[in-house]
Amino acid sequence: MPGIIVVGTQWGDEGKGKATDQLGSNVEVVVKFNGGNNAGHTVVVGGEKYALHLLPAGILTPHATPVIGNGVVVDLEALFSEIDLMESRGVDTSRLLVSANAHVIAPYNRLLDQVTEKSLGNKQIGTTGRGIGPTYADKMNRIGVRIQDLLDEEVLRQRVRGALYEKNQLLEVVYRQSPVDPDQVADELLAYADRLRPMVADTSLFVNRALAEGKTVLFEAGQAAMLDIDHGTYPYVTSSNATAGGALTGAGVGPTQISRVVGVTKAYTTRVGEGPFPTELSGAEGDHLRELGGEYGVTTGRPRRVGWFDPLVVRYANRVNGLTDVVLTKLDVLDSYDEIAVCVAYEVDGQTLTEMPMDQGSFARAQPVYQLLPGWKSDTTSVRKFEDLPAAAQDYVLFLEQQIGCRISSIGVGQGREATIIRHELG
């Protein structure tokens, strides 16, 4: 089978790691194609919980080759810390390949991320401060440092000096920070070169050869559609393309290689950071749902904002990704509710909208129009067949499916690999 893309359909944290891991048992290559260590996936295997940040979820599938694609930005300290942690827990990381064309998060990128965000005051975007945005900006400005540069000391030092020529002026004059020593930065990056060298590859060539040999390749997105730099709730977005199109450029493959695009969505909605969120729940109601779902960031530990399911958002994600299947996660979190609200429209300036507004101002003013559905008041965590779900839970899933406009092929009812109801095979 050709390539399968897995993307988030909300604002991230939908459970893509679990979906990727489930699909990974049937595939031979897993490629992370965007983002960096600013997001996390939690995968539970045999009762063991693994928090992944930069490594593809395929690292936990023994027969699959995990690949960090050219569209990813790599913090080398974070990468090797994560590798060391995985190896200390008995996970084999020797199969990992890293694209020679992936960009490196330099120390000055992290510094700029933090001082820039701080300078915004109450208009902060809510970045993680890990240097993701400045690194992508360097990439577009053609002053970035790539993985391959670490294999040639002279080239690396030249790149770092060129990048810091203007950045040091910005740091000193605008942000009143001490200038960054380019040689110190180069030395810090070069310290990783020998360990990195065996992992570096032409990953586009590797992935395309795998596809040509009939192997199944899984493309794993970081973040989600509503955080996509082009299609998300700009400017409260990440700095890369987290939609299906990003898999093509972020891994170096053509669109004819893709057979499935799997969207992952929670049975409710969450987001981290700033930005509009029409169905957000506040106060005790929000706190209750947050605690039921354990909604705290894998990477930052920040409490996630929570709210009812918003089909307009997921229907939009369906449109910009071209979904073939939806994986619904965390249905079990709703087990205790008497009634569950689903947003079926927005009220914006006296108008009723059933699709995402074109402009962000309207989206920020959108008020949700809810339809109340009966809860099922029953534990679903042991259910493995759709027909064994309580009738109200089945109705809820079918209603969401109709609202999204794409079939729901898999339903998560717990954290573990096995806590899944399969309606349609994904691979």
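How far is the sulfur of Cys 343 from the closest cysteine sulfur, and in which residue does that closest sulfur lie? In this predicted model, the sulfur of Cys 343 lies 19 Å from its closest counterpart, which belongs to Cys 406, and this is too far for a bond. Seen from the other end, the closest cysteine sulfur to that of Cys 406 is the one in Cys 343, again at 19 Å and too far for a bond. A disulfide is a covalent bond between the sulfur atoms of two cysteines. Because a pair of cysteine sulfur atoms has to come within 2.5 Å to be counted as a disulfide, the count for this model comes to zero. Both cysteines are nevertheless enclosed: Cys 343 is buried with a relative accessible area of 0%, and Cys 406 also counts as buried, at 8% relative accessibility.

The sheet that contains strand 15 is a good place to continue. Strand 15 covers residues 339–348, and it belongs to an open sheet of three strands with the order 16-15-17 and antiparallel pairing. The edges of this sheet are formed by strand 16 (351–353) and strand 17 (367–374), each of which pairs on one side only. On average, neighbouring strands of the sheet are turned by 40° against each other when direction is ignored. Between strand 15 and strand 17 there are eight bridges in the antiparallel sense, and within this pairing Tyr 346 has Pro 368 of strand 17 as its bridge partner. Helix 13 (residues 391–404) packs on the sheet and touches both strand 15 and strand 17, its direction making about 20° with that of strand 15. Helix 11 (residues 311–321), by contrast, lies across strand 15 and strand 16 and runs at about 70° to strand 15.

Helix 11 deserves a closer look. Nine of its eleven residues are buried, so the helix is largely enclosed by the rest of the structure. The buried residues of helix 11 include Leu 312, Val 313 and Val 314, but also Arg 315, Asn 318 and Asn 321. At the start of helix 11, a side-chain oxygen of Asp 310 comes to within 3.0 Å of the backbone nitrogen of Leu 312, while just after the helix Gly 322 adopts a positive phi of about 65°.

One residue of helix 11, Val 313, is also among the contacts of Trp 11, which leads to the N-terminal part of the chain. Trp 11 sits in the loop between strand 1 (3–8) and helix 1 (16–24), and at 2% relative accessibility it counts as buried. Leaving out residues up to four places away in sequence, Trp 11 touches residues that include Ala 224, Met 226, Leu 227, Thr 269, Pro 276, Phe 277 and Phe 363. Its side chain also makes a polar contact of 3.3 Å with the side chain of Thr 233. Ser 94, 83 residues from Trp 11 in sequence, is 32 Å from Trp 11 in space, taken from C-alpha to C-alpha.

The loop between strand 1 and helix 1 also holds Asp 13, which UniProt lists together with Gly 40 under "binding site" in an unreviewed entry. Asp 13 is partly exposed, at 23% relative accessibility, and beyond its neighbours within four places in sequence it is in contact with Lys 266, Thr 270, Val 272 and Arg 304. The side chains of Asp 13 and Arg 304 are joined by a polar contact of 3.3 Å. Arg 304 is itself found in the loop between helix 10 (283–293) and strand 13 (305–307), and it is buried, with a relative accessible area of 5%. The unreviewed UniProt entry also places a "binding site" feature at Arg 304, along with positions that include Val 298, Gly 301 and Arg 302.

The last element to consider is strand 2 (residues 29–32), from which Val 29 and Val 31 point one way and Val 30 and Lys 32 the other, with all of them buried. Strands of a sheet pair through backbone hydrogen bonds, either parallel or antiparallel. Strand 2 runs parallel to strand 5 (residues 65–68), to which four bridges join it, and it also pairs with strand 10 (residues 217–220) in the parallel sense over four bridges. Val 30 takes part in both pairings, with Pro 66 as its bridge partner in strand 5 and Leu 218 as its bridge partner in strand 10.

Note on methods
Residues numbered from 1 in each chain as written. Predicted model: local features only at pLDDT ≥ 70, side-chain atom pairs only at ≥ 80, totals over all residues. Heavy atoms only, no water. Buried < 20%, exposed > 50% of the residue type's maximum accessible area, 1.4 Å probe, protein only. Pairing = 2+ DSSP bridges. Helix = DSSP H or I, 4+ residues; strand = E, 2+ residues; numbered from the N terminus. Axes fitted to C-alpha atoms, helices over the stretch in contact; angles between N-to-C directions. Contact = heavy atoms within 4.5 Å. UniProt positions renumbered as here; feature names shortened; annotations may be inferred. Polar contact = N/O pair within 3.5 Å; in protein donor to acceptor, adjacent residues only side chain to side chain.
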